[in-house]
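Colleague: I have a new chain to learn from. Can you take me through it with short questions and answers?

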Amino acid sequence: MPARRSECTAPIEAAITHADPINIFSNNSFSWESIVRFIPLIIALLGVQLVRAQAAPDAEPVQHEFIIKNFKTESGTVLPEAHIVYGTYGKLNAKGDNAILLPSHYMAEMHGYGWLIGPGKALDPKKLFLITSELFGNGRSSSPSNTPEPFHGPRFPVTSIRDNVEAVHRMLTEQLHVQHLRAVIGFSMGAQQAFQWAVSYPDYMDGIVATSGTAKTYGHGVVRLEGQIAALTADPVFNGGDYTTQPTKGIQAFSLVWTGWLFSQEWWRQELWRTNDSFGKTFDEVVDHFRTNFIPGADANNLILHMRTWETHDVGKTPPFKDVEAALRSIKVPVLYMPSQTDLYFPVTDARYEAAFIPHCTLTIIPSLWGHPAGAGASPADGKFLNEHVSSFLAGIAKN
């Protein structure tokens with residue numbers, strides 16, 4: 001835990017942080033006697049700044065943007081400019097063989113994989129080059145909320161998982177000059193992308209990891225998503241997507257429906273929300289938290305676009321394949337498939353069905369009551385389980 005700043009140390013820390021340290025000694029506010037007294041503190045603070053400078057590149061992703069001119073989506077719409085926001089941790093090594101892609105999940109941005117990244121975790125940015133790409137529609141990459149006419153708001157085209165994979169492939173090869181990935185690791189919609197990478201670019205990576213996500217959205221998932229869209233759009237303020245203020249009641253209704261699917265029934269019965277103070281201290285507080293603060297600051301059209309991207313996903317529609325089974329059989333690389341035992345979005349039965357068609361698949365079920373977010377390390381036990389298995393998988397593909 002960082003030391004508490006006091007009125008005595010604040011001016012010295014400010015001088016070290018914002019100026020040449022030599023200037024401390026020319027500052028008339030300090031006597032030589034006081035400077036001598038503070039020498040140990042000065043040395044300590046200089047050490048803190050050095051540690052911060054050394055740790056910064058690994059602790060936080062560096063944000064980048066890639067722009068594609070005249071990007072044609074699967075639907076046939078051509079966006080004059082498609083923007084992909086992404087983050088990077090670490091550096092590409094001389095051999096170019098240490099890159100791992102972590103594609104984002106629903107409404108997430110480049111910080112969405114902290115549960116896997118860092119000291120003692122599966123992904124060490126001091127050794128690996130990590131790229132965290134952001135989906136179209138998240139409000140930072142090209143989205144209904146930030147695209148100019150004529151593709152603004154509800155006029156923004158539905159972008160498929162394949163659209164996102166194609167755009168990121170261009171970013172990797174054209175801007176980052178990554179010719180091969182060690183792995184694609186994805187949670188939820190990130191898992192959908194991981195499967196699509198393995199089908200669209202079967203030789204581009206050494207392996208994929210998919211947690212809490214499938215290669216196709218089946219009927220039950222489509223019905224759930226349509227129910228959430230219906231809840232959001234029922235708000236008269238939505239106005240067909242041409243709202244002047246966010247349809248707050250609709251977004252809250254959407255959030256509450258979503259929350260009913262987020263965790264398992266047993267999670268609610270055992271009141272596991274009590275293990276996380278940020279959810280609230282009582283059941284009513286928890287429900288109100290998710291209703292009013294599910295995705296803070298989200299734009300309604302962005303929320304809907306991501307649901308459309310999610311529900312239309314099917315690797316079986318990738319040319320030349322005719323169905324999901326054929327597409328899955330085409331996967332060449334090893335796959336670590338990790339569904340959550342209690343996921344209501346992507347039920348474990350769907351994962352078992354798909355795994356049977358993947359030639360080199362390890363199906364490892366996350367033994368958790370946390371439902372869908374177990375695949376993102378929702379509890380300490382989930383995080384430990386995921387990191388251990390992902391680490392082992394990466395070590396295995398490295399040997400091969």
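Modeller: Start with a definition: two strands pair if DSSP finds at least two bridges between them. Keep in mind that this is a predicted model.

Colleague: How many bridges join β1 and β2?
Modeller: β1 covers residues 62-72, and β2 is the strand of residues 78-89. They pair in the antiparallel sense. One bridge partner pair is Lys69 and Glu81 of β2. The number of bridges between β1 and β2 is ten.

Colleague: Which residue in the turn between β1 and β2 has a positive phi?
Modeller: β1 and β2 form a hairpin, with five residues between them. In that turn, a phi of about 100° belongs to Gly76.

Colleague: Which residue of β4 is the bridge partner of Tyr86?
Modeller: β2 also pairs with β4, residues 129-133. That pairing is antiparallel, over four bridges. Across from Tyr86, the partner in β4 is Ser133.

Colleague: How many residues of β2 are buried?
Modeller: Buried means under 20% relative accessible area. β2 has twelve residues and is mostly covered. Its buried residues number nine.

Colleague: Is β5 largely enclosed or open, and which residues cover its two faces?
Modeller: Five of the five residues of β5 (183-187) are buried, so the strand is largely enclosed by the rest of the structure. In a regular strand the side chains alternate between the two faces of the sheet. Here one side holds Ala183, Ile185 and Phe187. The other side of β5 holds Val184 and Gly186.

Colleague: Which residue of β6 stands opposite Val184?
Modeller: β5 runs parallel to β3 (99-101), joined by two bridges. There, Val184 is the bridge partner of Leu101. β5 also runs parallel to β6 (208-211), joined by four bridges. In β6, the residue opposite Val184 is Ile208.

Colleague: Which helix gives the most to the largest nonpolar core?
Modeller: This core has 106 residues. Among those that touch the most other members are Ile185, Trp197 and Trp258. With seven residues, the helix that gives the most is α4 (189-200).

Colleague: Which tryptophan is in contact with Trp258?
Modeller: Leave aside neighbours within four places in sequence. The contacts of Trp258 then include Tyr106, Arg224, Phe294 and Tyr345. Also in that list is Trp310.

Colleague: How many charged residues line the largest pocket?
Modeller: The pocket has a volume of about 780 Å³. Of its 24 lining residues, the closest to the centre are His105, Phe187, Leu262, Phe294 and Pro373. The lining divides into 17 nonpolar and seven polar residues. The charged count is no residues.

Colleague: Which element gives the most to that pocket lining?
Modeller: Two elements give two or more residues to the lining of the largest pocket: α6 (248-262) and α8 (283-293). With three residues, the top contributor is α8.

Colleague: Is Lys332 buried or partly exposed?
Modeller: Lys332 lies in the loop between α10 and β7. Not counting residues up to four places away in sequence, Lys332 touches Pro202, Asp203 and His360. Exposed would need over 50% relative accessible area, and buried under 20%. At 49%, Lys332 is partly exposed.

Colleague: What share of contacts join residues at least 24 apart?
Modeller: The chain has twelve helices and eight strands. Of its 400 residues, 52% count as buried. Take the contacts between residues at least 6 apart in sequence. The share that joins residues at least 24 apart is 73%.

Definitions and conventions
Residues are numbered from 1 along each chain as its sequence is written. This is a predicted model: local features need pLDDT of at least 70, side-chain atom pairs count only at pLDDT 80 or more; totals for chains, interfaces and linings use all residues. Side-chain values use heavy atoms; hydrogens and water are left out. On a 1 Å grid over the protein atoms alone, a cavity is a set of points where a 1.4 Å probe fits but cannot get out, and a pocket is an open set with protein on both sides within 12 Å along at least five of seven lines; lining residues have an atom within 4 Å of a point. Grid points are joined across faces, edges and corners, and a volume is the space filled by probe spheres set on the points. Ala, Val, Leu, Ile, Met, Phe, Trp, Tyr, Cys and Pro count as nonpolar, Asp, Glu, Lys and Arg as charged, and the others, Gly among them, as polar. Buried means under 20% relative accessible area, exposed over 50%, partly exposed in between (1.4 Å probe, protein chains only). A nonpolar core is a set of buried Ala, Val, Leu, Ile, Met, Phe, Trp, Tyr and Cys residues joined through side-chain atoms within 4.5 Å. Contact means heavy atoms within 4.5 Å.
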